[in-house]
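Trainee: Could we look at a structure together and check how its labels are earned?
Mentor: Happily, let's bring it up.

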Amino acid sequence: MKIKATIATAGLFLLCLQWPLLRFLEIPLPPVSSALSSGLAIFGAAYVLSWGGELAQMEIPQSLAIAFLALVAVLPEYAVDLYFAWQAGRDPAYVHFATANMTGSNRLLIGAGWAAVAFAYYVKKRRGEIALSEGNRVEIMALILATLYSLVIPAKGTLSWVDSAFFLAIFVLYIRRASQSHHEEPELEGPMEAVGRWPRGRRILVTAFLFVFSGAVILLSAKPFAEGLLDVGRHLGIEPFLLVQWLAPLASEAPEFIVAVLFALRARPEAGLGTLISSKVNQWTLLVGMVPLAYAVSAGRPSAMPLDARQVEEIFLTSAQSFFALAVIVNLRFSITEALLIFILFATQIFFPSTEARTVYAFIYLALGLGWLFVVRGQGEGLKQVFRKGAFSSKITHT
């Protein structure tokens, strides 16, 4: 058994390293092969990252460990979006792409990611509901604050340093509160089960190595993976805005999706969904908060980043989807039926790309969100619990 585990671990690290090795040797590859090789490296790194997240839970609270895991997994998305925001400060044409990438990645995370975890868990265990822990109220509270504020942005028509201050403050409070959560020992399995029995000093070194190694591989592989997909999309004649909004986020979100689905397939769906919820917090606070700052620094003046009509619609639709998703999980339950509804609403938008359709979908999300809060959930009981627990101000009780 130990020999098989050693071989499997070595094979996984080789899968991660094959792409950096090809780059170091400067071996030219066609776009499809480049996307495949870098994509496999991302898959391997995501698996290694999930090991790091499990080991980290031996030293710090689960909520904080998952927050760090999500932050590392979302690094490719930060790299892509902040690049577009920086370029937008010098060339206004890039503003279009900065918001496209931001809104696309946020909607993809919920519409496809959350649903994928529920589907994977159902296939694995034939169970139709995922139960989140009380500790997840921290993420839910952060998302409630960020989502409610995000509904103001379409009315303003800009992203400014004021927005940055608000979103970054939420992120700081979220990390601070996650660090105070209850600490529970994880149940390790596979190669990490043996590492978990090592002395604490060696175990911490291994945990740090897994995070740094997987993060480095993800950063090295994300751009060529995205470019390979974009090249394929261009050959198919897909509109540039749609490429940036959907194909690029599909590449950059891959690590998070893989980590979350792996958790679900290992019968830990609450950790998988928790990772994606934490990623949503990261993107909806830290990422959105950094975009106008990167724009202002690049422009050389503290000016707000302007939004045109298309961008305003996209942000409004993204905020509305976030509101509905929160209404669904506010009671710390996520069913296969709710996952299917979220996925269908997300997937069908592809067939109705008009301005009117985006507005209609946004109001459908808002109406469903209100219905879930005050009808399905019973007078907003889950929402009351979130505020009653005081997610940012007092200890959360774990059951």
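Mentor: What follows is a short set of questions and answers about this predicted model.

Trainee: Why is Phe-24 called exposed?
Mentor: Exposed means over 50% relative accessible area. Phe-24 has 68%, so Phe-24 is exposed. Phe-24 sits in helix α1, residues 2–24, and belongs to a nonpolar surface patch with Leu-21, Leu-25, Ile-27 and Leu-29.

Trainee: What makes Glu-314 and Arg-107 a salt bridge?
Mentor: The rule asks for a side-chain nitrogen of Lys or Arg within 4 Å of a carboxyl oxygen of Asp or Glu. Here N to O is 2.9 Å, so the pair qualifies. Glu-314 lies in helix α14 and Arg-107 in helix α5, so the bridge ties together parts 207 residues apart in sequence.

Trainee: How do you know that Glu-129 and Arg-333 form a salt bridge too?
Mentor: Their closest N and O atoms are 3.5 Å apart, which is within 4 Å, so this pair also meets the rule. Glu-129 is in strand β1 and Arg-333 in strand β4.

Trainee: Why is Glu-129 called partly exposed?
Mentor: Partly exposed lies between the 20% and 50% cut-offs. Glu-129 is at 43%, so the label fits. Arg-333, at 33%, is partly exposed as well.

Trainee: And what makes Arg-358 buried?
Mentor: Buried means under 20%, and Arg-358 is at 9%, so Arg-358 counts as buried. Glu-313, its salt-bridge partner, is buried with 16%.

Definitions and conventions. Residues are numbered from 1 along each chain as its sequence is written. This is a predicted model: local features need pLDDT of at least 70, side-chain atom pairs count only at pLDDT 80 or more; totals for chains, interfaces and linings use all residues. Side-chain values use heavy atoms; hydrogens and water are left out. Patches are made of residues with over 30% relative accessible area and no salt bridge: like charges are joined within 9 Å, nonpolar side chains (Val, Leu, Ile, Met, Phe, Trp, Tyr) within 5 Å. Accessible areas come from the Shrake-Rupley method with a 1.4 Å probe; for residues, only the protein chains shown count as cover. Helices (H or I, at least four residues) and strands (E, at least two) are DSSP runs, numbered from the N terminus. Buried means under 20% relative accessible area, exposed over 50%, partly exposed in between (1.4 Å probe, protein chains only).
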